[in-house]
Amino acid sequence: MTQDEMKIAAAEAAMKYVEPGMIVGVGTGSTANHFIDALATMKHDIEGTVASSIATEERLKSHGIRVMELNNAGQLSIYIDGADESDHHLNLIKGGGGALTREKIVAGASDKFICIADDTKLVDVMGKFPLPVEVIPMAQSFVAREIVKMGGIPILREGFTTDNGNIIIDVKGLEILEPVKMEDEFNKIAGVVTVGLFARRPADVLILGTAKGAKVLT
Ligand code: 5RP
């Protein structure tokens, strides 16, 4: 099975959590795109969706799936999204696609967060994947210096602007042994909009696509 086939297996397995009448929060990335394709089969049964990025909104609409504003949707039943890394406690690194801020908002507004990923994403200790941080542009140098003090290597994502008009600094060289503590440390830096660590609000369920099909971790 290819990595993409494993992503499809995870995305399709997430469909069993979608019930008629739900408003579904939808994440961003290639795995989330496979979920959107599967969700199209239920587009007349769900009440609607809330998108975590402009790209996701466009893909949902291209399938004729109703997209709602989060402010009009209230608390969501579920949020389904991919990840760049997950540890065994379902703490996540997200933001490889740069949508981390809206992803964190929609995840926070959802009762249940179901993460879908191929099994290469499951790690013992997170940090090999560079940790994305969304930053207000004028704070770039200051935030980079603070990251160095924390032991990280800040790398500007060249030529990339988030849906919110900000920049992304990817942080290499971290060994994330205490994810909640590290999330809080990043959040204290002035100019940081969001860090791509999802530890205060981890996933509730991780569906991993493996060579033998989908495997569910809780
Ligand atoms: C986007 C994300 C994605 O969920 C993450 O990058 C995983 O992407 P993919 O499903 O393409 O492997 O956080 O901001």
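Here are two short exercises on this predicted model, each with a worked solution.

**Exercise 1.** Work out how the protein surrounds the ligand: where does the ligand sit, and which residues come nearest?

*Solution.*
- Step 1: Start with the place. The ligand sits in the second largest pocket.
- Step 2: Look at the neighbours. There are 17 residues around the ligand, and those that come nearest are Ser30, Thr31, Asp84, Gly95 and Lys121.
- Step 3: Sort that shell by type. You should get nine polar residues, six charged ones and two nonpolar ones.
- Step 4: Now hunt for polar contacts, using a cut-off of 3.5 Å between N or O atoms. Lysine 7 has a polar side-chain atom 3.0 Å from an oxygen atom of the ligand. Glutamate 103 also offers a polar side-chain atom, 3.1 Å from a ligand oxygen. With glycine 82, a polar backbone atom is the partner, 3.3 Å from an oxygen atom of the ligand.
- Step 5: Check the cover. On its own, the ligand has 380 Å² of accessible area, and the protein covers 91% of that.

**Exercise 2.** Find serine 52 in the chain, then decide: is serine 52 buried or exposed? Which residues does its side chain reach?

*Solution.*
- Step 1: Locate the residue. Serine 52 belongs to the loop that links β2 (48-51) and α3 (54-62).
- Step 2: Compare with the cut-off. Buried means under 20% relative accessible area. Serine 52 has 0%, so serine 52 is buried.
- Step 3: Follow the side chain. One polar contact, at 2.7 Å, runs from the side chain of serine 52 to that of threonine 28. The serine 52 side chain also reaches the backbone oxygen of valine 26, at 3.0 Å.

Terms used: Residues numbered from 1 in each chain as written. Predicted model: local features only at pLDDT ≥ 70, side-chain atom pairs only at ≥ 80, totals over all residues. Heavy atoms only, no water. Near = heavy atom within 4 Å. Polar contact = N/O pair within 3.5 Å; in protein donor to acceptor, adjacent residues only side chain to side chain. Areas by Shrake-Rupley, 256 points an atom, 1.4 Å probe, with all protein chains shown as cover. 1 Å grid on protein atoms, 1.4 Å probe; cavity = no way out; pocket = protein on both sides within 12 Å on 5 of 7 lines; lining within 4 Å. Sits in = over half its atoms within 2 Å of the grid points. Nonpolar A, V, L, I, M, F, W, Y, C, P; charged D, E, K, R; others polar. Helix = DSSP H or I, 4+ residues; strand = E, 2+ residues; numbered from the N terminus. Buried < 20%, exposed > 50% of the residue type's maximum accessible area, 1.4 Å probe, protein only.
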